[in-house]
Amino acid sequence: VGDSKEGVGDTKVRQIMHDDKLGEVSRELFAQFIYRIKKEFEGKIAHFGLFSKLKYLNANNDQKFRDRIFHFLFERGFVFSSANFSGTSKSNQFPVGFLIWNLSMATRLEEQEILVDVFNERIEKIDVKRISSENRTSFLSKWIERPAATVSFPPFGSAIEVKATNTDRRDRVAPDFLASFMCKGNDFVNQNYTAFLSGPYVSAGALSVTPENFEQAMVVHAVRRIPKATWINDRDQFLQPNAELSQEFIDDCTIWNLFSNSNQTASLRGVEYENRVYQIRNHFFPFLISDVKKWKVGDSQIAESLSTGVDTFVAEWLSHRDLSPEALSIVRKGKQIYQYYFENLGQLPTTKFKIENWDAGWWQIRNALGDVNLGKEMMAELKALHGDLREKILPEISRYGII
């Protein structure tokens with residue numbers, strides 16, 4: 001059964017589309033169908049009711065198809081959840097649309113306002129959705145600088161797991177590497193593929209965070225993570241800001257990121273990879289070494305590591321920021337948690353979470369504390385403050401036209 005669709009797209013229309021230089025979309029039967037309609041109804045008065053997913057309106061790989069083929073005038077339509085189909089997953093819903101197009105009115109999608117009714121499973125109208133059909137050059141993924149990765153580095157599969165067995169390892173980082181930013185795709189369906197790690201992610205969809213693109217990375221991570229993904233926005237694209245971002249917005253995004261569960265940066269020592277041994281620093285540790293040295297440290301080995309410690313990039317960056325009250329509240333509560341963590345290191349499962357040095361990552365710290373149920377009240381207080389900052393950032397994301 002798994003091979004039943006193999007070769008189904010190898011048609012004569014595909015070859016014509018390929019010769020017409022329409023790219024990857026030529027392989028899709030859906031696109032071939034529309035291409036043939038475009039050619040055979042040229043100059044005729046007709047309407048086309050299209051029942052399908054919505055990717056043809058905004059997906060990255062369909063840009064050439066939109067530019068050269070799909071020049072129909074939208075008239076009306078509606079969308080509903082894929083969960084209405086028998087046998088489909090309730091946990092992986094996406095919008096399905098029925099849109100009516102006027103074939104005799106040649107109009108580019110980017111010049112149209114596409115508004116569709118939204119229906120729930122009881123066939124009740126619950127909303128009106130605007131489908132944005134922007135050119136892919138305006139996608140948020142095109143906004144962030146992607147420096148060339150030329151330096152060998154151990155590839156990561158998770159926060160503390162070095163994964164050297166993948167065929168597609170992606171084991172290179174840029175010079176001045178601070179972290180790896182996993183940011184697969186450009187739409188809400190890829191929201192969970194958004195995280196920071198201390199080594200290059202083993203698969204496609206990651207880039208190196210450096211001092212030059214640090215603030216951009218902070219914004220992109222936060223705006224991809226903060227809005228809630230629903231079946232209605234599942235295929236929506238994130239767009240570049242429509243105005244210069246305020247420094248307060250950038251700072252708020254940064255603080256939200258540092259205490260987010262998707263900040264999986266870590267500190268690891270003695271990592272062996274390709275006949276070399278790496279000492280992996282956590283460049284996202286948020287406090288100055290001069291402050292940390294004043295704290296009680298419940299582990300002699302980690303206390304000793306402080307003697308040769310130097311400030312991280314993020315700690316120095318934060319020391320020059322004038323934070324908003326909401327962000328400052330998180331930093332203060334976070335500092336209490338870090339101090340509590342250092343003081344109680346002797347009670348924590350440091351081996352389990354590979355904690356060997358003073359610059360442990362937020363992922364290591366919160367999981368080590370949670371594993372033995374320590375600091376529960378402080379973590380709950382931090383979570384509430386983190387939620388408050390999220391509520392402050394969310395309307396700004398819309399105001400800047402990113403969603």
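Let me begin with the overall make-up of the protein, which has 12 helices and 13 strands, and I should say at once that we are looking at a predicted model. Along the principal axes, the C-alpha atoms fill a box of roughly 80 × 45 × 40 Å, and 48% of the 403 residues are buried. If we take contacts between residues at least 6 apart in sequence, 74% of them join residues at least 24 apart.

Turning to the interior, nonpolar side chains in soluble globular proteins tend to be buried together. Here the largest nonpolar core holds 82 residues, and the members that touch the most others are F181, F249, I255, F284, Y338, Y341 and F342. A separate core of 28 residues lies apart from that one, and includes I34, Y35, I37 and I131.

I would like to dwell on helix α10, which runs over residues 325-343 and spans 27 Å from its first C-alpha to its last, close to the 27 Å expected for its 19 residues. Its buried positions are A327, I330, V331, K333, G334, I337, Y338, Y341 and F342, and a lysine, K333, is thus listed among them. An α-helix has 3.6 residues a turn, so residues three or four places apart point the same way. What do the buried residues of α10 pack against? They meet α6 (247-258), α7 (289-292), α8 (300-305), α11 (362-371) and α12 (376-399). Y341 in particular, leaving aside residues up to four places away in sequence, touches L348, I355, A360, I365 and L369.

Finally, on charge, there are 51 positive and 52 negative side chains, and the centres of the two sets lie 4 Å apart.

Key. Residues are numbered from 1 along each chain as its sequence is written. This is a predicted model: local features need pLDDT of at least 70, side-chain atom pairs count only at pLDDT 80 or more; totals for chains, interfaces and linings use all residues. Side-chain values use heavy atoms; hydrogens and water are left out. A nonpolar core is a set of buried Ala, Val, Leu, Ile, Met, Phe, Trp, Tyr and Cys residues joined through side-chain atoms within 4.5 Å. Buried means under 20% relative accessible area, exposed over 50%, partly exposed in between (1.4 Å probe, protein chains only). Contact means heavy atoms within 4.5 Å. Helices (H or I, at least four residues) and strands (E, at least two) are DSSP runs, numbered from the N terminus. The expected span of a helix is 1.5 Å times one less than its number of residues. Lys and Arg count as positive and Asp and Glu as negative; His and the chain ends are not counted. The place of a charge is taken as NZ of Lys, CZ of Arg, CG of Asp or CD of Glu.
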